[in-house]
Amino acid sequence: MPPKSFKPVQPIWCPGCGDFGVLAAVKRAAANLHIAPHELVLVGGIGCSGSIHNFLEINGIHALHGRLLPQAIGVKLANPALTVVAAGGDGDGYAIGMGHFLHAFKKNASILYLVMNNETYGLTKGQPSPTSQIGFEGNVEPPFHAMLTALSVPAPNFLARTFSGDPKGMTAILEEALKFNREGRGFAFVEDLSPCVTYNDTYKLWREKVVDVTTLPGYDPTNRRTMFGLCLDQIEQGRFPVGVLHRPSAAEREGLEVKLMGDGPGPVRASSDLASNRAHYEKLLAALA
Amino acid sequence: MPEPRARPLELADLSVMIGGQGGDGTLTVSDLLGRYFRKRGLYVYTSRNVLSRIRGGHADASVRASRDATAAVKAQVDVLVAFDQQAIDLGRAELASHGFVIYDSTTFRSDLPNAAGFPFATLVGGPLGQPIFKNTAAYGALSVLFGFDHTQTREVIEERFRRRSPEALEKNLKALEIGRKAALEAPGVAHRFSVVDGEAHDLILTTGNQAVALGFTVGGGRFFAGYPITPATEIMEYLQRYLPPLGGVVRQAEDELAAINMVIGASYAGARAMTSTSGPGLSLMTEGIGHAATAELPILVADCSRVGPSTGQPTRHEQGDLSHLANLGHGEYPRFVIAPADPVDAFGMTVEALNLADRWRVPVILLLDQALSQNTTTTRRFDLEKVVIDRGPRLSPEQVAGLAEYKIYGFSENGVSTWAAPGTPGVWSEVTGNEHDEWGHVSVDPVNRRKMMHKRMEKMQKARDELPAGRLFGPAHAKVGLIGFGSTSGPILEAQRLLESRGVPTRYYQARTLYPVPAHELDPFLAGVDVAYLVENNYTGQFARLVRETVPWHHAKLRSILKYDGASFRAPEIVAGIREAA
């Protein structure tokens with residue numbers, strides 16, 4: 001009998017919240033890939049969506065607002081054997097956490113960043129977020145399109161967008177993203193369109209306006225230029241492109257943790273005890289003159 | 001024309017200040033002199049005063065060589081080496097009455113009486129093709145001025161330039177001879193001074209920053225994330241060399257927010273993790289440090305303080321972060337602030353800090369200051385024998401398997417919970433900065449909140465006897481007390497010797513744990529003296545304030561000696577401060 005561990009609690013989300021779809025898809029994807037609870041670490045942001053780790057039987061960390069990516073990258077670099085997911089909302093990722101968001105593409109650590117985008121700050125009761133449409137709660141700033149930014153960074157990342165109204169499609173994409181991470185290929189970014197039923201109920205609009213990019217003529221997820229153009233066209237027509245937007249053509253292990261440590265031990269498993277490193281230390285100290 | 005001297009003036013404690021434009025090679029002259037004096041068995045302490053720019057602008061360096069162990073800048077300059085007029089202007093006030101100036105007369109003339117000008121740039125420019133060798137020529141002239149042993153003088157050049165290229169070595173040896181020849185031909189220069197031999201052999205020359213990096217490495221530190229900031233950057237640079245061969249990771253993050261949070265993530269995953277920064281970065285990291293304390297994740301933060309606030313004087317010395325560290329952040333949480341006094345202390349204390357962080361599952365702040373971080377000092381070799389690694393209540397997979405339940409925040413007698421690194425089969429947990437129950441579930445229960453506050457906050461009292469103990473110097477009967485921390489210890493110890501020679505015995509308490517304020521050490525110390533001078537490099541007397549608050553019954557005995565001009569203390573300033581305050 002293993003010891004009794006953390007038991008998930010009931011989600012705090014409003015009935016019908018898009019985040020339920022994400023929770024279900026994460027569970028299914030992890031089960032399909034046979035990831036044991038102790039192998040999975042989920043770093044949550046601040047906001048409704050960032051509480052997702054409380055509802056799962058896994059290792060959870062609740063990060064500071066906007067800082068889930070550096071924490072998740074720290075976990076992965078310290079122990080590359082863990083499967084690491086960072087999950088939060090659009091305010092957490094694209095406002096307070098924007099600096100880390102941009103650098104995560106370039107760092108390319110093999111973690112999954114899952115943003116539940118509801119175009120509002122739900123937990124603080126409906127203020128406009130970086131992705132809010134013009135006119136929402138007096139918003140006059142144009143919405144930020146994370147996917148266009150993601151496509152503009154030339155790094156071997158896996159990029160996709162999903163919709164909570166299509167849990168099956170989301171599960172398949174999350175599975176592919178986690179697999180990508182577990183093979184050490186690099187950073188996976190998945191933005192889920194996850195409506196806030198209380199402050200910004202976009203289910204109806206999104207059901208009508210999502211477009212599966214794979215059905216578009218010229219779809220080529222290995223070509224950033226093409227995908228940027230396809231997405232921009234759709235956005236300009238008021239539509240919401242979903243599906244895999246970028247998938248590196250070569251199956252190379254480009255993850256930061258692989259670049260830094262190869263298949264080496266990683267800091268946690270690297271020996272930090274004195275005895276086994278003594279000769280090395282003595283040399284280091286003897287070099288001081 | 002300088003007056004010829006009958007006999008060389010023998011110096012057992014000397015200081016040479018070298019000033020010029022950035023890029024003139026003042027640091028090279030300082031380095032060459034330091035190497036030479038060490039060959040003579042002297043203790044060496046070097047400091048530098050550079051502007052926050054890569055090239056140009058005035059920069060100076062000073063080298064002190066002494067028969068007695070020293071870790072302070074000498075108040076008076078015996079020899080000033082000037083590559084520009086500014087060096088003369090700045091050095092004038094500190095020049096001893098017997099002081100002498102060697103300067104490059106290519107571009108200016110010195111108006112000081114005891115001076116010899118040599119057109120170093122022109123002298124080397126012709127035969128060597130480049131004026132940049134003027135610094136080595138100046139070293140040659142200095143070797144004549146001090147009557148250096150010629151063989152040892154050349155050895156220094158060989159040791160320094162051998163690794164560059166045969167051509168660099170050859171040209172520098174030529175520049176040395178050019179400088180020597182010029183000085184030998186000038187009246188009143190040769191052997192004006194002589195240097196005694198010392199007994200300081202088999203010592204190393206190092207900085208506080210290098211000591212921290214080495215302490216972290218041998219203490220089992222395997223993860224570092226930081227962001228470049230003067231005067232902390234060298235810690236990251238050393239670790240970039242030390243850690244990767246051991247399987248460790250060093251990352252330069254996009255900002256200090258990322259650095260501290262990467263460290264938190266790595267600590268969560270079970271690595272010994274650290275960051276280093278200075279004031280502005282510390283401000284950005286503050287939210288993260290509070291998070292680590294509440295989430296009960298051990299982290300180590302080295303703060304190498306500089307003149308603040310804001311950009312302040314980024315390359316200059318100050319001890320102005322202490323109040324911030326003692327009150328760090330919003331809300332209330334435990335933290336240990338410990339301050340080494342010298343590189344040997346910094347090495348040992350970094351290992352101790354890692355152990356404290358792991359044993360108590362708290363953030364530990366290692367407080368350095370610019371002088372300790374960057375000035376070089378000869379010191380005894382770091383001792384591996386004293387290094388002990390204690391990872392605290394960490395459970396092995398076998399121990400975990402034997403548990404009935406795995407509570408990440410389980411209550412215990414000392415407030416510290418046992419834990420296992422994530423990935424340990426069979427268990428998982430929830431780690432959070434939200435108030436939580438023993439399982440990590442978010443909790444707003446008032447009874448639980450009180451219990452958790454006690455669990456965390458009482459670590460500060462319970463750890464008391466494990467925190468670095470202060471050190472006492474000077475006779476126990478002395479009625480005049482001195483209190484200080486960090487690099488200020490060097491000038492305080494020197495001031496003690498000056499005072500002793502004038503018949504004023506003093507007792508010095510070197511605080512090594514600053515927060516929680518060690519009342520158990522301060523109380524008996526203050527009870528034993530009639531008056532105590534708190535010597536610190538800040539405007540408001542930050543440590544004095546903490547001491548007053550902690551042992552208010554000794555209030556009337558406390559005086560402050562403060563310096564906040566960007567430079568470290570010179571021993572006579574402390575002596576003068578005592579006279580003024582008395």
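In chain B of this predicted model, strand β20 (residues 480–484) and β21(B) pair up in the parallel sense over five bridges. That pairing is a handy way in, since β21(B) also has a partner in strand β19 of chain B. From there, this briefing moves to the contact between the chains, then to two helix pairs in chain B, and ends with some backbone oddities.

**Strand β21 of chain B and its partners**

- Start with the β20 side: B:V480 sits opposite B:T506 in β21(B).
- Strand β19 (residues 471–473) of chain B is joined to β21(B) by three bridges, and these two strands run antiparallel.
- Looking for a marker of that pairing? B:L472 has B:Y509 as its bridge partner in β21(B).
- Is strand β21 (residues 506–510) of chain B largely enclosed or not? Five of its five residues are buried, so the rest of the structure largely encloses it.
- In a regular strand, side chains alternate between the two faces of the sheet.
- In β21(B), B:T506, B:Y508 and B:Q510 point one way, while B:R507 and B:Y509 point the other way.
- Both sets are buried, and that covers B:R507 as well as the two tyrosines, B:Y508 and B:Y509.

**Where chain B touches chain A**

- On the chain B side, 61 residues are in contact with 54 residues of chain A.
- Which elements of chain B supply at least two residues each to this side? They are β9 (204–206), α7 (208–218), β10 (223–226), α9 (256–268), α10 (279–295) and β18 (430–432).
- The largest share comes from α9(B), with nine residues.
- By residue type, the side of chain B that touches chain A splits into 34 nonpolar, 19 polar and eight charged.
- There is strand pairing across the chains too: strand β2 (residues 59–62) of chain A is joined to β18(B) by three bridges, and the two run parallel.
- To find that pairing in the structure, look for A:I61, whose bridge partner in β18(B) is B:V431.

**Helices α1 and α5 of chain B**

- Helix α1 (residues 26–39) of chain B packs against helix α5 (residues 150–161) of chain B at an angle of about 125 degrees, and their axes are 9 Å apart.
- α1(B) and α5(B) are therefore oblique to each other.
- The crossing of α1(B) past α5(B) is right-handed.
- From α1(B), the residues making the contact are B:D31, B:L32, B:R35, B:Y36 and B:K39, and they meet B:Q152, B:T153, B:V156, B:E159 and B:R160 of α5(B).
- Sorted by type, the residues of this contact come out as three nonpolar, two polar and five charged.

**Helices α3 and α6 of chain B**

- The axes of helix α3 (residues 120–128) of chain B and helix α6 (residues 166–185) of chain B come within 10 Å and cross at roughly 135 degrees.
- α3(B) and α6(B) are therefore oblique to each other.
- α3(B) passes α6(B) in a crossing that is right-handed.
- On the α3(B) side you'll find B:F120, B:L123, B:V124, B:P127 and B:L128, which meet B:K171, B:K174, B:A175, B:I178, B:G179 and B:A182 in α6(B).
- The residues of this contact divide into eight nonpolar, one polar and two charged.

**Backbone oddities worth a look**

- B:G308 and B:P309 are joined by a cis peptide bond, with omega at about 0 degrees.
- B:P309 belongs to the loop between β13 (299–307) and β14 (313–317) of chain B.
- B:S310 lies in the loop between β13 and β14 of chain B as well, and it has a positive phi of about 55 degrees although it isn't a glycine.
- Is B:S310 buried or exposed? B:S310 has 9 other C-beta atoms within 10 Å, so it is exposed.
- Another cis peptide bond runs from B:Y515 to B:P516, with omega near 0 degrees.
- Where is B:P516? B:P516 is in the loop between β22 (513–515) and α18 (519–527) of chain B.
- Over in chain A, A:N108 has a positive phi of about 60 degrees, although it is not a glycine either.
- A:N108 lies in the loop between α4 (98–107) and β4 (112–117) of chain A.
- A:N108 counts as buried because it has 22 C-beta neighbours inside 10 Å.

Note on methods
Residues numbered from 1 in each chain as written. Chains lettered and ligands numbered in written order. Predicted model: local features only at pLDDT ≥ 70, side-chain atom pairs only at ≥ 80, totals over all residues. Axes fitted to C-alpha atoms, helices over the stretch in contact; angles between N-to-C directions. Helix = DSSP H or I, 4+ residues; strand = E, 2+ residues; numbered from the N terminus. Parallel < 35°, antiparallel > 145°, perpendicular 65-115°, else oblique. Left-handed = near helix turned anticlockwise from the far one by under 90°. Contact = placed C-beta atoms within 7 Å. Nonpolar A, V, L, I, M, F, W, Y, C, P; charged D, E, K, R; others polar. Pairing = 2+ DSSP bridges. Buried ≥ 20, exposed ≤ 12 C-beta atoms within 10 Å, placed from the backbone.
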